[in-house]
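Here are a few exercises on pockets and a bound ligand, each with a worked solution. Grab your viewer and try each task before reading on.

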Amino acid sequence: MKTISTQVCIIGAGPSGLMLGQLLNDIGIDTIIVERASLDHVLSRVRAGVLEQGAVRLLERAGVGGRMHGEGLVHEGFAITCEDEIHRIDLAGLTGGQSVMVYGQTEVTRDLVDRRAETSGVTHYEVEAVELHDLDGDRPYVTCRVEGEELRIDCRFIAGCDGFHGASRRAVPESAIRTFEKVYPFGWLGILSDVPPVSHELIYASHSRGFALCSMRSMTRSRYYIQCNAGDSIDAWSDDQFWSELRRRLPPEIGEQLTTGPSFEKSIAPLRSFVAEPMRFGSLFLVGDAAHIVPPTGAKGLNLAASDVHYLFEGLQAYFGDSDSELLNAYSERALARVWRAVRFSWWMTTMLHRFPDHAPFERRILETELAYTLESDAAKSALAENYVGLPY
Ligand code: APR
Ligand code: PHB
């Protein structure tokens with residue numbers, strides 16, 4: 001077996017692994033990333049597209065701010081529609097001038113992959129049989145198979161950035177981890193289409209037929225979603241059916257403006273809230289989707305990955321730079337405090353805006369009232385806006 005060594009072995013080349021790897025490499029901390037999928041697969045995944053200011057700052061720091069600032073769209077507000085009513089949430093006005101950046105996760109990933117290549121960062125793709133060893137000591141190691149050959153990577157720390165289905169969280173003994181989970185009784189059917197977005201701002205639509213979201217990737221590429229049944233098959237949804245269902249869930253004056261066209265990506269995503277505690281076990285740190293999942297309403301998934309990376313980066317920088325373990329020891333607690341706030345917000349937005357097949361009339365009335373109150377109270381709108389632009393870190 002070939003043995004190599006590095007300071008931090010990163011499992012997974014999603015946004016978490018790539019961001020962390022770049023920040024560490026840029027201050028001279030050596031990393032190796034091992035990724036199960038192919039580079040093509042990593043670059044073709046379509047996910048959400050709204051970045052908080054904290055994520056924007058982190059990406060700038062990782063040296064990938066250029067294209068994001070050139071092509072990303074700054075949004076100072078969004079709309080919530082309730083049946084046929086339209087309400088604007090003035091993010092900038094409610095938060096003292098803050099905004100979000102609409103820039104797809106696919107583009108973020110591409111920028112990070114390119115930058116890692118430019119700065120000679122090592123990533124092994126299509127790696128098989130990844131296993132983590134000796135996590136409770138200070139000389140952990142990772143074994144895997146690269147192009148048919150067994151490889152051992154010795155390191156000081158392992159960053160588990162391998163998503164919800166990865167190997168890292170599963171390497172922690174069950175007695176040392178506690179999980180919290182809620183599965184929602186519906187999914188999101190999403191499409192990408194090269195048509196201009198129906199509005200220059202996002203629209204979150206609450207409707208008796210179910211939730212819908214009008215988003216975008218650019219002024220010529222739209223991203224739309226509708227709430228669907230958890231068990232729906234993608235083949236049961238033609239483009240025409242999608243467009244007509246979307247239109248029915250929007251106020252008529254918006255629906256009439258909708259430009260339709262062929263979709264070039266169409267998929268159904270289940271909705272789940274999940275948190276694993278703690279986010280550290282010995283020399284292993286869990287980061288991003290490996291430790292937590294939020295439903296996409298509010299677009300917090302990638303932004304939480306960014307705040308985890310920020311806290312872990314600070315800890316590793318102090319450890320390797322100043323031999324100071326304090327921030328690293330505080331990683332799990334610092335990250336989880338922010339994670340739970342975003343889990344709460346995503347759950348709240350999801351619950352308020354969707355139709356639950358299992359809700360009794362009482363619960364429905366409560367949620368209608370929650371939405372009506374949120375849209376009429378400046379205090380409630382401020383709380384929504386403060387969370388949407390992202391709590392500070
Ligand atoms: N070994 C190596 N790599 C693995 C393994 C494994 N056993 N299992 C999964 N991976 C890889 C996946 O192929 C993927 O490239 O880990 C990566 C995890 O990436 P993401 O799932 O994107 O998770 P993360 O980087 O934490 O990003 C969080 O991106 O996934 C979205 O919705 C999510 O927006 C959120 C953000
Ligand atoms: C998206 O553009 O994919 C998107 C935007 C906002 C969300 C979720 C997804 O809340």
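For volumes, the working definition is this: grid points are joined across faces, edges and corners, and a volume is the space filled by probe spheres set on those points. Keep in mind that this is a predicted model.

**Exercise 1. Work out how much space the second largest pocket holds and who lines it.**

Step 1: Start with the volume. The second largest pocket holds about 250 Å³ of space.

Step 2: List the lining. Among its residues are Val46, Arg67, Glu71, Tyr103, Gly104 and Thr106, and Leu192, Arg217, Ser218, Arg221 and Phe264 belong to it too.

Step 3: Map it onto elements. Helix H4 (65–71), helix H6 (105–118) and strand E16 (212–218) each give at least two residues to this lining.

Step 4: Sort by class. You get four nonpolar, three polar and five charged residues.

**Exercise 2. Describe the largest pocket in terms of volume and lining.**

Step 1: The volume comes out at about 1400 Å³.

Step 2: Count the wall. There are 49 lining residues, and Arg45, Arg47, Phe164, Asp289 and Ile293 lie nearest the centre.

Step 3: Find the contributing elements. At least two lining residues come from each of H1, strand E10 (128–133), strand E14 (178–193), strand E17 (221–228), strand E18 (263–277) and H9. E18 has the largest share, with six residues.

Step 4: Split the lining by class: 27 nonpolar, twelve polar and ten charged.

**Exercise 3. Place ligand 1 and characterise the shell around it.**

Step 1: Which pocket does ligand 1 sit in? It's the largest one.

Step 2: See which elements matter for the shell. Helix H1 (15–26) and helix H9 (301–322) are the ones that give two or more residues, and H9 has the largest share, three residues.

Step 3: Count the neighbours, using a heavy-atom cut-off of within 4 Å. The shell has 24 residues, with Ser16, Glu35, Arg45, Arg47 and Gln105 the closest.

Step 4: Classify them. Ten are nonpolar, eight polar and six charged.

**Exercise 4. Track down polar contacts of ligand 1 and say how much of its area the protein buries.**

Step 1: Set the cut-off: N or O pairs within 3.5 Å.

Step 2: Check side chains. A ligand 1 oxygen lies 2.7 Å from a side-chain N or O atom of serine 16, and for arginine 45 a ligand oxygen is likewise 2.7 Å from a side-chain N or O atom.

Step 3: Check the backbone. A polar backbone atom of proline 15 is 3.2 Å from an oxygen of ligand 1.

Step 4: Finish with area. On its own, ligand 1 exposes 690 Å², and the protein buries 90% of that.

How values were computed. Residues numbered from 1 in each chain as written. Chains lettered and ligands numbered in written order. Predicted model: local features only at pLDDT ≥ 70, side-chain atom pairs only at ≥ 80, totals over all residues. Heavy atoms only, no water. Polar contact = N/O pair within 3.5 Å; in protein donor to acceptor, adjacent residues only side chain to side chain. Areas by Shrake-Rupley, 256 points an atom, 1.4 Å probe, with all protein chains shown as cover. 1 Å grid on protein atoms, 1.4 Å probe; cavity = no way out; pocket = protein on both sides within 12 Å on 5 of 7 lines; lining within 4 Å. Sits in = over half its atoms within 2 Å of the grid points. Helix = DSSP H or I, 4+ residues; strand = E, 2+ residues; numbered from the N terminus. Nonpolar A, V, L, I, M, F, W, Y, C, P; charged D, E, K, R; others polar.
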